[in-house]
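Biologist: I'm new to this one. Can you walk me through it?
Modeller: Sure, let's put it on screen.

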Amino acid sequence: MGTGHFFWVIFYFASLCSASLANNAKVNFREKEKKVLDQILGAGKYDARIRPSGINGTENLPTYVYVNMFLRSISKIDDYKMEYSVQLTFREQWTDERLKFDDIQGRLKYLTLTEANRVWMPDLFFSNEKEGHFHNIIMPNVYIRIFPNGSVLYSIRISLTLACPMNLKLYPLDRQICSLRMASYGWTTNDLVFLWKEGDPVQVVKNLHLPRFTLEKFLTDYCNSKTNTGEYSCLKVDLLFRREFSYYLIQIYIPCCMLVIVSWVSFWLDQGAVPARVSLGVTTLLTMATQTSGINASLPPVSYTKAIDVWTGVCLTFVFGALLEFALVNYASRSDMHKENMKKKRRDLEQASIDAASDLLDTDSNATFAMKPLVRHPGDPLALEKLRQCEVHMQAPKRPNCCKTWLSKFPTRQCSRSKRIDVISRITFPLVFALFNLVYWSTYLFREEEDE
């Protein structure tokens, strides 16, 4: 056997020995972990029903529990039910002097448990919770770590549906604050106190995306409550959400503006086009009413007026006003036609009277001498009446008004006044709607900045 071959044989046996020693060391190490768990959690040695003592084993001081969490996702924010759903990893950390153990010269960093009932647990609950569940796929998403100094870390992944009372006065230009409240159910502050963990107690997943909201910021605070049974420790996280306005601009505001503008087309149609103007007004009115009812169907019935209610109400008023304008135009058109017919009849009668008077004058000028004295009598009633009629028709017209002169630029043969109503509406409606937009946006946008 050569020297090289002998060297490889020795190396192979050395590797087998080292692997065997390593496996034995691992087995021994796991056995030591088991012995430590049996030592601190064995029967008759640890009672999970008893609250841990305070700092440095002081019995009179409360147990301090430090809380932090990681927001994994926010699935929805429901305006109608006033609630939101969140998935988070929730962590609690406290010290239990009874769970101290030897770390075997730093080799045993911590012990891991998956059964929460083996150790004492704080009685924390979410006070504004509506629904919630744990995650058990593939295994229950929960663990407990026990450190050599007796510190206990409890971590669990949960999904919650929480109540979020909303103020919708500025909807959809609003910001909402949704809270996550955690409190002790049975232990008072004399026994148990919850504290936020120092240094970034709340973490949020990167690229958090919500369909209609943006998470601007979050604040941590305390919300201890006093009842007739004592004072209870409470923690809260305030999540500030800003509503994305682009969706509502495209789906609500622009379509409403288009409906209002379409209703103004009626002002440019002829007064005689009754079916076209009526169908246009009724169609836009029904469409605007349907749009308004669809918006209100997705919102809870509240006792105050929302910003979207002001917008849809004014737009509906403009559309309804355009329909009433046609009714006024139609009435004025029929009235003008009646007056025109009366004037025509009066002109015909006057013309007939003038022709009769002219014929009578021509007859008087060719009469005999015996009839000439009839004309020369100054008190003759027939002659005076004829002269009065001639003076009325020969009177000079009055000086026209400047407004009437401007409106007279749009004359028609039969419906002069109705045409002027249409012309005034063409200018008045857009100007008033533009003024409303100026007041609306300046009011609600500035109020939104003040609320910040």
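**A walk through the model**

Modeller: Start with asparagine 207: this residue is exposed, with a relative accessible area of 78%. Keep in mind that this is a predicted model.

Biologist: Where is asparagine 207 found?
Modeller: In the loop between β10 and β11. Its phi is near 60 degrees, a positive value in a residue other than glycine.

Biologist: What about aspartate 200, what is its phi?
Modeller: Phi of aspartate 200 is also positive, near 60 degrees. Aspartate 200 lies in the loop between β9 and β10 (202-204).

Biologist: Is aspartate 200 buried, exposed or partly exposed?
Modeller: Partly exposed, because its relative accessible area is 48%, and the exposed class begins over 50%.

Biologist: And strand β9, how many of its residues are buried?
Modeller: 4 of the 5 residues in β9 (residues 192-196) are buried, so the strand is largely enclosed by the rest of the structure.

Biologist: In what sense do β1 and β9 pair?
Modeller: Parallel, over 5 bridges, with β1 covering residues 63-78. Threonine 63 has leucine 192 in β9 as its bridge partner.

Biologist: Switching to the open sheet. What is its strand order?
Modeller: The order is β4-β8-β14-β11, 4 strands with antiparallel pairing. β4 (124-126) and β11 (213-222) are the edge strands, each pairing on one side only. From one strand to the next, the twist averages 20 degrees.

Biologist: Over how many bridges do β8 and β14 pair?
Modeller: Over 9 bridges, in the antiparallel sense. β8 spans residues 175-184, and β14 spans residues 234-243. Take serine 179: its bridge partner in β14 is aspartate 238.

Biologist: How do side chains sit in a regular strand?
Modeller: They alternate between the two faces of the sheet.

Biologist: Now the cis peptide bonds. Which residues do they join?
Modeller: One joins isoleucine 137 and isoleucine 138, with omega about -5 degrees. Isoleucine 138 is in the loop between β5 (129-134) and β6 (142-146). Another joins tyrosine 171 and proline 172, with omega about 0 degrees. Proline 172 lies in the loop between β7 (151-163) and β8.

Biologist: Which residues is lysine 306 in contact with, beyond its neighbours within four places in sequence?
Modeller: Leu168, Lys169, Tyr171, Leu299 and Tyr444. Tyr171 came up a moment ago, at a cis peptide bond.

Biologist: Is lysine 306 buried or exposed?
Modeller: Buried, because its relative accessible area is 5% and the buried class is under 20%. Its side chain has a polar contact of 3.0 Å with the side chain of aspartate 309.

Biologist: Where is the place of lysine 306?
Modeller: In the loop between α3 and α4 (307-365).

Biologist: What span should helix α3 have?
Modeller: At 1.5 Å a residue, its 24 residues (274-297) should span 34 Å. The end C-alpha atoms are 34 Å apart, which agrees.

Biologist: Which residues are buried in α3?
Modeller: Arg277, Leu280, Gly281, Thr284, Met288, Thr292 and Ile295 are buried there.

Biologist: Last topic. Which residues does UniProt list for "transmembrane region"?
Modeller: The unreviewed UniProt entry lists residues 6-25, 245-269, 310-333 and 427-446.

Biologist: How far apart are the end C-alpha atoms of residues 310-333?
Modeller: They lie 34 Å apart, and that span is 100% helix. For residues 427-446 the end C-alpha atoms lie 29 Å apart, and that span is 100% helix and 0% strand.

Key: Residues are numbered from 1 along each chain as its sequence is written. This is a predicted model: local features need pLDDT of at least 70, side-chain atom pairs count only at pLDDT 80 or more; totals for chains, interfaces and linings use all residues. Side-chain values use heavy atoms; hydrogens and water are left out. Helices (H or I, at least four residues) and strands (E, at least two) are DSSP runs, numbered from the N terminus. The expected span of a helix is 1.5 Å times one less than its number of residues. Buried means under 20% relative accessible area, exposed over 50%, partly exposed in between (1.4 Å probe, protein chains only). UniProt positions are given in the numbering used here, feature names are shortened, and annotations may be inferred rather than shown by experiment. Two strands pair if DSSP finds at least two bridges between them. Axes are lines fitted to C-alpha atoms, for helices over the stretch in contact, and angles run from 0 to 180 degrees between N-to-C directions. A polar contact is a pair of N or O atoms within 3.5 Å; within protein, one must be able to donate a hydrogen and the other to accept it, and residues adjacent in sequence count only if both atoms are side-chain atoms. Contact means heavy atoms within 4.5 Å.
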